[in-house]
Amino acid sequence: MTTNSQTVQLKGRFAMHRGGYLEAPTIAYETWGTLEGDGDNAILLFTGLSPSAHAASSPDNPAAGWWEEMIGSGLPLDSDRYFIICVNSLGSCFGSSGPASVNPATGKRYRLSFPVLTLEDVAEGGYAVLEHLGIRHLHTTIGCSMGGMSALAFCVRHPSCADGLISISSAARALPFSIAVRSLQREMIRSDPKWAGGNYDPADPPVIGQRLARKLGMITYRSAIEWEQRFGRERISSEDHAGDPFHGDFSVESYLEAQANKFTGQFDPNCYLYLSRASDLFDLAEHGGSLSAGFRRIKLQRATVIGVSSDILFPLKQQQELADGLSASVRDVRFEALDCIKGHDSFLVDMDAFRPVICRYFDSCN
C-alpha cells in the first residue's frame with residue numbers, strides 16, 4: 001500500500017509482547033506543528049484499525065486526512081500550539097511493518113509468519129517514534145477506537161511519559177459482543193477461497209471475504225437510529241435485474257455495497273486479520289492481574305473519556321468503566337457522554353459534537 005508518511009527503521013530486534021521478534025521493523029508517522037523543548041507540547045495520536053498516519057493535510061501531503069476537521073491551525077488539536085504526531089500502527093499496511101511487509105530474513109512477505117500482534121506492540125511502535133524524534137515527555141496521548149486501547153497500553157507501559165490522555169469510543173478491554181463480531185469478520189475473510197491460507201496474490205486478494213467483513217463492520221460502526229432517519233425504507237432506482245430475485249432494492253443495501261467496494265483493495269487482508277485479533281487480545285487486567293491493578297499503574301495528571309450513546313461496539317458503560325478506573329490514580333478525570341446518533345463512527349463524522357469536548361480538555365490544561 002502506498003504512503004507519503006515519514007518512516008523510522010528501528011535498530012536490531014523488536015521484541016513482541018507475546019513472543020517472537022521483528023528484525024529492524026519500520027514505523028510510519030506524520031507530524032503537524034513545531035516541537036518545543038523535549039516535547040512538552042507534543043501530542044501522540046493512535047488510530048483505529050484501518051486508518052493510516054495521514055490524519056490531516058499538510059504541506060508535504062495536501063490530501064485531506066481522516067481527522068481533517070480536528071487537526072490544524074485554530075482547530076482542537078491546534079498545530080499553532082502543539083506538535084502532533086500520528087503513528088501508523090505496527091501490523092498495518094500504510095508504511096509500518098506488518099504481514100504484508102517483506103521479512104528481511106527471507107526476502108519474502110511475512111504473511112502468517114508475522115508474530116502474534118498486540119496493542120502493546122502498537123504502543124511500543126509509537127514510543128519508538130518518540131525516541132526517534134527526541135521526545136522525552138508528552139503533553140497528551142490520544143486514541144480513537146482501537147487507538148484508545150493502544151493509548152491505554154502506552155500509558156500503562158510508560159506511566160511517566162504523558163501528562164494527559166484522551167480516550168475516544170474505546171475501552172479497557174473488548175466486550176464479548178465486539179469479539180464475536182470481529183471473529184466473524186475474520187472468518188469471512190479466511191473462508192474466501194482466494195485467501196489461500198494467507199498466501200493470496202496481492203493483485204487478486206480475497207475480495208468477497210473482505211467485502212462481507214466490511215459490510216458487517218459498517219453495521220456495527222453506525223446506528224439503527226441513524227439509518228432509520230437517513231434511509232428509512234427508501235428504494236433505489238436501478239435497471240431491471242431479471243433473474244436475480246435477491247438483488248438489493250433498498251438504499252441501505254446500496255450504501256453497504258458502496259462502503260464495501262471502497263474499502264476493498266485499500267487494506268491488506270492479512271493486516272486486517274492481525275489488527276482485528278490484537279483488538280480482541282488487549283486487556284488492561286493483564287498489567288497487574290486485575291483491572292484495578294492495571295489502572296493503578298497509570299500515572300497521569302488528567303484524562304478525558306468520551307463515548308457516544310448510540311455506540312454498540314464500545315457502549316457507554318465501557319466509557320464509564322474506563323473513567324471510573326482512571327479515577328483511582330488520576331486526579332482530574334472527565335467523562336463526556338455525547339448524544340450522537342451516528343454510532344461508533346461519530347468521532348469521524350460528527351465533528352460538531354466532538355470539537356467542543358476536545359477544546360475543553362485543552363483549555364483546562366492552561
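A cavity here is a set of grid points where a 1.4 Å probe fits but cannot get out, and its lining residues have an atom within 4 Å of a point. With that in hand, let us walk through this predicted model, starting with its enclosed space and moving on to its pockets, a helix and some individual residues.

## Enclosed and open space

The structure holds 1 cavity of 30 Å³ or more. The volume of the largest cavity is about 40 Å³, and its lining is made up of P99, A100, R109, R111, Y200, D268 and N270. Sorted by class, that lining has 3 nonpolar, 1 polar and 3 charged residues.

The pockets, in contrast to the cavity, are open sets of points. About 1,200 Å³ is the volume of the largest pocket. Its lining counts 46 residues, and S50, P51, W66, R214 and L348 are those that lie nearest its centre. Elements giving two or more residues to this lining are α2, α3, α4, α6 (251-263), α7 and α10 (346-349).

The second largest pocket has about 180 Å³ of space. Around it sit K215, I236, F246, H247, G248, F250, E253, S254, L256 and E257. Which element gives the most to this lining? That is α6, with 4 residues.

The table sets out the class make-up of the three linings.

| Site | Nonpolar | Polar | Charged |
|---|---|---|---|
| Largest cavity | 3 residues | 1 residue | 3 residues |
| Largest pocket | 22 residues | 18 residues | 6 residues |
| Second largest pocket | 4 residues | 3 residues | 3 residues |

## Helix α1 and the residue after it

Helix α1 covers residues 119-133, which makes 15 residues. From its first C-alpha to its last it reaches 21 Å, close to the 21 Å expected at 1.5 Å a residue. How many of its residues are buried? The helix is mostly covered, with 11 of 15 buried. Those buried residues are L119, E120, D121, V122, A123, E124, G125, G126, A128, V129 and L130. After α1 comes G134, and its phi is positive, near 75°.

## Positive phi outside glycine

Two residues other than glycine also have a positive phi. For S145 the angle is near 60°. S145 belongs to the loop between β11 (138-144) and α2 (146-157). Is S145 buried or exposed? Its relative accessible area is 12%, so S145 is buried, given that buried means under 20%.

A196 is the other case, with a phi of about 55°. Its place is the loop between α3 (176-191) and α4 (207-221). Because its relative accessibility is 42%, A196 counts as partly exposed.

## Cysteines without partners

Searching the whole structure turns up 0 disulfides. Why is C340 without a bonded partner? The closest cysteine sulfur, in C144, is 13 Å from the sulfur of C340, and that is too far for a bond, since a disulfide needs the two sulfur atoms within 2.5 Å. C365 is in no disulfide either, as the nearest cysteine sulfur, that of C359, is 12 Å away. As for its surroundings, C340 counts as buried, because its relative accessibility is 3%.

## Two residues and their contacts

D280 is found in helix α7, which runs over residues 269-281. D280 counts as buried because its relative accessibility is 10%. Leaving aside residues up to four places away in sequence, D280 touches S178, I179, R182 and R186.

A63 sits in the loop between β5 (42-46) and β6 (71-72). With a relative accessible area of 39%, A63 is partly exposed. Its contacts, again not counting residues up to four places away in sequence, are H54, A56, S57 and E68. For a sense of distance along this part of the chain, A63 and G107 are 44 residues apart, and their C-alpha atoms are separated by 33 Å.

How values were computed. Residues are numbered from 1 along each chain as its sequence is written. This is a predicted model: local features need pLDDT of at least 70, side-chain atom pairs count only at pLDDT 80 or more; totals for chains, interfaces and linings use all residues. Side-chain values use heavy atoms; hydrogens and water are left out. Buried means under 20% relative accessible area, exposed over 50%, partly exposed in between (1.4 Å probe, protein chains only). On a 1 Å grid over the protein atoms alone, a cavity is a set of points where a 1.4 Å probe fits but cannot get out, and a pocket is an open set with protein on both sides within 12 Å along at least five of seven lines; lining residues have an atom within 4 Å of a point. Grid points are joined across faces, edges and corners, and a volume is the space filled by probe spheres set on the points. Ala, Val, Leu, Ile, Met, Phe, Trp, Tyr, Cys and Pro count as nonpolar, Asp, Glu, Lys and Arg as charged, and the others, Gly among them, as polar. Contact means heavy atoms within 4.5 Å. The expected span of a helix is 1.5 Å times one less than its number of residues.
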